[in-house]
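Student: I'd like to learn how to read salt bridges in a protein model. Could you walk me through some?

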Amino acid sequence: MQPLSIPAEPAAAGADFRCDVLVVGGGPAGSTMAALLAEAGRDVVVIEKAHHPRFHIGESLLPANAQLFDRLGVREQVEAIGMAKHGVEFVSPDHDHRQFIEFAEAWDKSMPYAWQVRRAQLDELLFRDAAKKGARTFEGQRVREVAFDGDGALAEVELADGSRRQWRARFVVDASGRDTLLANQLRCKQKNRRHNSSALYGHYTGAERLPGKLEGNITIFWFEHGWFWFIPLADGTTSIGAVCWPHYLKSRKNPLPEFFADTIALCPPLAARLAGASLVDGRVYATGNYSYGSAKSSGERFLMIGDAYAFVDPVFSSGVYLAMQSAFDGVGVVQAVLDGRPDAAALRRAFDRRVRHGPREFSWFIFRVTNPTMRDFFMSPQNPFRVKEALISLLAGDVYGRTPIWPSIRILKALYYLVSFGNLGRTVRAWQRRRINIRDVEVQGP
Ligand SMILES: Cc1cc2nc3c(=O)[nH]c(=O)nc-3n(C[C@H](O)[C@H](O)[C@H](O)COP(=O)(O)OP(=O)(O)OC[C@H]3O[C@@H](n4cnc5c(N)ncnc54)[C@H](O)[C@@H]3O)c2cc1C
């Protein structure tokens, strides 16, 4: 794209095509970044292609999210739309019992719960909060391309009527989620070779929930083709999703709602909880292969945050937290570049390390979560060397704080290898099965 002429003055009332920072995408990552920059007095613009409130999957939050909501000053609003989530229930086809894990048992006991939310509500709340703090927000507009030069970037934006507008920005933050605008444009998006999964999901009314305080727990049901989530929302609706190997989704011959019902039938404990339930509007969604990362997370004039940088697998409900945390981690870099500070490059390197850290730590467990040894660990957690507390802290999202979980996490990993070695036949069979399961198959969402 060639640099284009830019209006020096606002072209019309309210239409100023220059800003300090252009944020692409008004999801949790983009809105958090915009709120923080606006609070710091920066001229920040957010361009969102949809109109809030808009549907988005990813409804289960982590306790570590709470401190980020506190820092944004929106915790009460989240509390008002959320269902309190005190822990996780695990249900396995190979075990007779169900296992409950409570966040209150984590190493750091100060993060006892999180929330299940409708993302349409959460994302709108965060987006409007950014606007309240002074970010200029635009909906129904899509950033098509960004051209970088020595002074910043020129972004080409398509409006709802198909017309185009150019924004001159000194810095660009890509928070475009799974659209991965810059990673695609810069050709640095990489399929995750070590993991591969697809998802089917829908909302139900009348699902049988856990009693009392456990009602808001997420339940993870393992089954032969992957795992299911059961996420109870505050309005009585329950979100059900199957995360399965892409080849299983590819085997579908019937319409999506029927295929989803057949898939649920393969998991009798879940089917029992849905016996009296009905699918809302008969709608089932599908998402194709979705594990990827980007070879770089920043450049001199840009950052990639949230899913625009990487996405692994939602089994530990880490996506929204990592997306928002990456905005908190990146805001200092943006400020340093805007101010022309000499520490900008060092801050950028630190940012690169931090955005890799979260997905990497979750990934180690994600890659093994369907392995029988790991499943045994989750179904019968023991606490030598505080490994159980450390694991629950990780599940709570406490991976960036000062909680000293890492020696215990290393011991847990060593125990995993030891037990796997002790059951060599089972381990080898599981890894062979996994290799076949994660093979590359093109699956498209509808
Ligand atoms: C099946 C599934 C289940 C999941 N479950 C969970 C869960 O339970 N808990 C959890 O925490 N996470 C979950 N996730 C992950 C979670 O949804 C994401 O990690 C999270 O939404 C990332 O936030 P983000 O702001 O980076 O991206 P998004 O929330 O996707 O926001 C990106 C925004 O950018 C906009 N956009 C995109 N391209 C452009 C463009 N070119 N111009 C303008 N706007 C643009 C989009 O419309 C969107 O609003 C799940 C994901 C999947 C696929």
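Tutor: Happy to! Let's begin with one residue: Glu389 is buried, with a relative accessible area of 12%. Keep in mind that this is a predicted model.

Student: Which residue does Glu389 form a salt bridge with?

Tutor: Here is the general idea: side chains of opposite charge can pair when their charged atoms come close. In this case, Glu389 pairs with Lys109, and their closest N and O atoms are 3.4 Å apart. Glu389 sits in helix H12 (residues 387-395) and Lys109 in the loop between strand E5 (98-102) and strand E6 (114-116), so the salt bridge ties together parts 280 residues apart in sequence. Lys109 is partly exposed, at 46% relative accessible area.

Student: Where do Asp179 and Lys49 lie?

Tutor: Those two form a salt bridge as well, with the closest N and O atoms 2.6 Å apart. Asp179 is in the loop between strand E10 (164-174) and helix H5 (181-185), while Lys49 is in the loop between strand E2 (44-48) and helix H2 (64-72); the pair links distant parts of the chain, 130 residues apart. Asp179 is partly exposed at 35%, and Lys49 is partly exposed at 40%.

Student: How many residues apart are Glu124 and Arg128 in helix H4?

Tutor: They are 4 residues apart, about one turn of the helix. Their salt bridge has its closest N and O atoms 3.0 Å apart.

Student: Which residues are linked in a network of salt bridges?

Tutor: Arg144, Glu156, Glu158 and Arg164 are linked that way. The structure holds 30 salt bridges, so there is plenty to explore!

Conventions. Residues are numbered from 1 along each chain as its sequence is written. This is a predicted model: local features need pLDDT of at least 70, side-chain atom pairs count only at pLDDT 80 or more; totals for chains, interfaces and linings use all residues. Side-chain values use heavy atoms; hydrogens and water are left out. A salt bridge is a side-chain nitrogen of Lys or Arg within 4 Å of a carboxyl oxygen of Asp or Glu. Helices (H or I, at least four residues) and strands (E, at least two) are DSSP runs, numbered from the N terminus. Buried means under 20% relative accessible area, exposed over 50%, partly exposed in between (1.4 Å probe, protein chains only).
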